[in-house]
Amino acid sequence: MSIDHKLQAVIDEFVSEGFNASLSAFDSRLKAMLDSINDFHVSNCPEFGAFVASVDESTSTSSEWGKLPYLPTSIFKGLSLRSVSIDEIFREVQSSATSSGKPSRIFLDRANNTRWTRSLLKIMS
């Protein structure tokens, strides 16, 4: 159930170079990457698939990545959105829940935990 190696390579490249290059240089590759990620999550997370099915089709199939639908942040408070099996979960990240009292939860497998850490380091440096 993991993201295929080709997609992982594109994500890794974007994480390594994406913060140093202009977005226009990555525009078509970014859209292709987001489409692949979206397809993966639709196929592997029933709750996410239901959300995507409920949005306006013209938005979800837009050729511009900036017009793709966004998940409302509250969805991470009410649902356990996982696209990998429970056995593959390496870390669960929770928000502070200061405004609602209920934390948002994000589940990371090892590969995504590494990407998340690398991205944070790039942003903070």
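Let's start with Asn113, which sits in helix 6. Keep in mind as you look around that this is a predicted model.

How exposed or buried is Asn113? Its relative accessible area is 9%, so Asn113 is buried, since the cut-off for that word is under 20%. Setting aside neighbours within four places in sequence, Asn113 is in contact with Phe90, Arg91 and Leu108.

**Helix 6**

Now zoom out to the helix around Asn113. Helix 6 covers residues 110-124, which makes 15 residues. From its first C-alpha to its last it reaches 21 Å, close to the 21 Å expected at 1.5 Å a residue. Which residues of helix 6 are buried? They are Asn113, Arg115 and Ser119. These three cover an arc of only 160° around the axis, so they end up on the same side of helix 6. The other side of helix 6 has Arg110, Leu121 and Met124, which are exposed.

Met124 is worth a second look. This residue of helix 6 counts as exposed because its relative accessible area is 70%, and the cut-off for exposed is over 50%. Met124 also helps make a nonpolar surface patch of about 430 Å², together with Trp116, Leu120 and Ile123.

**The two strands and their salt bridge**

Go back to one of the contacts of Asn113, namely Arg91. Arg91 belongs to strand 1, residues 91-94. With neighbours within four places in sequence left out, Arg91 is in contact with Ile106, Phe107, Leu108, Asn113 and Trp116. Take Phe107 from that list: Arg91 and Phe107 are 16 residues apart along the chain, yet their C-alpha atoms are separated by 6.0 Å.

How many salt bridges does a search of the whole structure find? The search turns up one. In it, the side chains of Arg105 and Glu92 meet, at 2.8 Å from N to O. Arg105 lies in strand 2 (residues 105-108) and Glu92 in strand 1, so the pair ties together parts that are 13 residues apart in sequence.

Here are some partly exposed residues, two of them being the salt-bridge partners:

| Residue | Relative accessibility |
|---|---|
| Arg91 | 36% |
| Glu92 | 35% |
| Arg105 | 28% |
| Val42 | 33% |

Between strand 1 and strand 2 there is a loop, and Ala97 is in it. What is unusual about the phi of Ala97? Here is some background: most residues other than glycine have a negative phi. Ala97 has a positive phi of about 60°, although it is not a glycine. Ala97 is buried too, because its relative accessible area is 16% and buried means under 20%.

**Helices 2 and 3**

Next, head for an earlier part of the chain. Val42, the last entry in the table, lies in helix 2, which spans residues 23-44. Leaving out neighbours within four places in sequence, Val42 is in contact with Phe48, Gly49 and Val52. Val42 and Ala53 are eleven residues apart along the chain, and their C-alpha atoms are separated by 9.0 Å.

Those three contacts of Val42 show up again among the buried residues of helix 3 (residues 46-54), which are Phe48, Gly49, Phe51 and Val52. Why do these four share a side of helix 3? Because they cover an arc of only 160° around the axis, they are put on the same side of the helix. The face turned away from that buried side carries Pro46, Ala53 and Ser54, which are exposed.

**The whole chain**

Finally, step back and take in everything at once. The chain has six helices and two strands. In what order do the elements run from the N terminus on? The order is α-α-α-α-α-β-β-α.

The chain has 125 residues, and 26% of them count as buried. Among contacts between residues at least 6 apart in sequence, 51% join residues at least 24 apart. The chain exposes about 8,200 Å², with carbon and sulfur atoms supplying 56% of that area.

Methods:
Residues are numbered from 1 along each chain as its sequence is written. This is a predicted model: local features need pLDDT of at least 70, side-chain atom pairs count only at pLDDT 80 or more; totals for chains, interfaces and linings use all residues. Side-chain values use heavy atoms; hydrogens and water are left out. The expected span of a helix is 1.5 Å times one less than its number of residues. Buried means under 20% relative accessible area, exposed over 50%, partly exposed in between (1.4 Å probe, protein chains only). The arc is that of the directions from the helix axis to the C-beta atoms. Patches are made of residues with over 30% relative accessible area and no salt bridge: like charges are joined within 9 Å, nonpolar side chains (Val, Leu, Ile, Met, Phe, Trp, Tyr) within 5 Å. Accessible areas come from the Shrake-Rupley method with a 1.4 Å probe; for residues, only the protein chains shown count as cover. A salt bridge is a side-chain nitrogen of Lys or Arg within 4 Å of a carboxyl oxygen of Asp or Glu. Contact means heavy atoms within 4.5 Å.
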